[in-house]
Amino acid sequence: MRVIAWLVEGTWPACVDAVRDHAPHASEVVLLHVTGPDVPGVAHGAYAGLLGRGRPERDPGSRLEVLGDSSAAELLAAASERLGRPCTGEERTGRVEREVVAAADGADLLVLARDGDRSRLGPHSLGPAVRFAVDHAPCPVLLVWPEPAPDLGTIPPPPPHPH
């Protein structure tokens with residue numbers, strides 16, 4: 001069984017715990033971290049637009065890329081340690097939701113965490129990237145709460161019934 005766990009800052013421990021609790025021990029586990037291209041790209045563009053292209057060594061986008069790579073490596077190492085069994089780390093860069101779906105191609109399970117409003121049950125507990133991954137994953141999905149789920153009293157009342 002091939003299991004992909006999509007790890008995001010802030011919610012990754014819940015995904016790792018779900019893999020540990022629900023995936024057979026003999027599973028091939030891939031811990032996936034995806035970095036969107038937007039932050040370094042914006043910094044590159046702002047630097048070029050405001051200060052020109054004459055001093056590339058001062059471009060803050062390059063520094064942000066290095067920091068992002070370091071942060072991803074640290075997150076993957078912490079997740080691997082928490083999992084406590086053999087796994088592979090995979091780092092991708094690109095449109096986050098599309099990279100997650102592409103990484104899940106050929107997998108038997110994709111594990112991910114809710115990323116929206118986690119104060120109540122319902123569709124708003126999924127942000128756009130997670131919604132896209134859930135809707136387009138080419139394999140079964142295990143969607144977890146990063147903390148205990150809100151109680152059933154948080155479900156909004158049904159709309160009024162027309163007479």
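**Notebook: Ser-125 and the sheet**

I began with Ser-125, whose side chain is joined to that of Arg-114 by a polar contact of 2.5 Å (a pair of N or O atoms within 3.5 Å, one able to donate a hydrogen and the other to accept it; residues adjacent in sequence count only if both atoms are side-chain atoms). I note that this is a predicted model, where local features need pLDDT of at least 70 and side-chain atom pairs count only at pLDDT 80 or more, while totals for chains, interfaces and linings use all residues. Residues are numbered from 1 along each chain as its sequence is written, and side-chain values use heavy atoms, with hydrogens and water left out.

Is Ser-125 buried or exposed? I found it buried, with a relative accessible area of 1% (buried is under 20%, exposed over 50%, partly exposed in between, with a 1.4 Å probe and protein chains only). Ser-125 sits in the loop between strand 4 and helix 5 (DSSP runs numbered from the N terminus: helices are H or I with at least four residues, strands E with at least two).

Next I looked up the sheet. I saw 5 strands in an open sheet, ordered 3-2-1-4-5, with parallel pairing (two strands pair if DSSP finds at least two bridges between them). Strand 3 (88-93) and strand 5 (141-144) are at the edges with a single partner strand each, so one side of each has no neighbour in the sheet.

Then I checked strand 4 (residues 109-113), which pairs with strand 5 in the parallel sense over 4 bridges. Leu-110 has Val-141 in strand 5 as its bridge partner.
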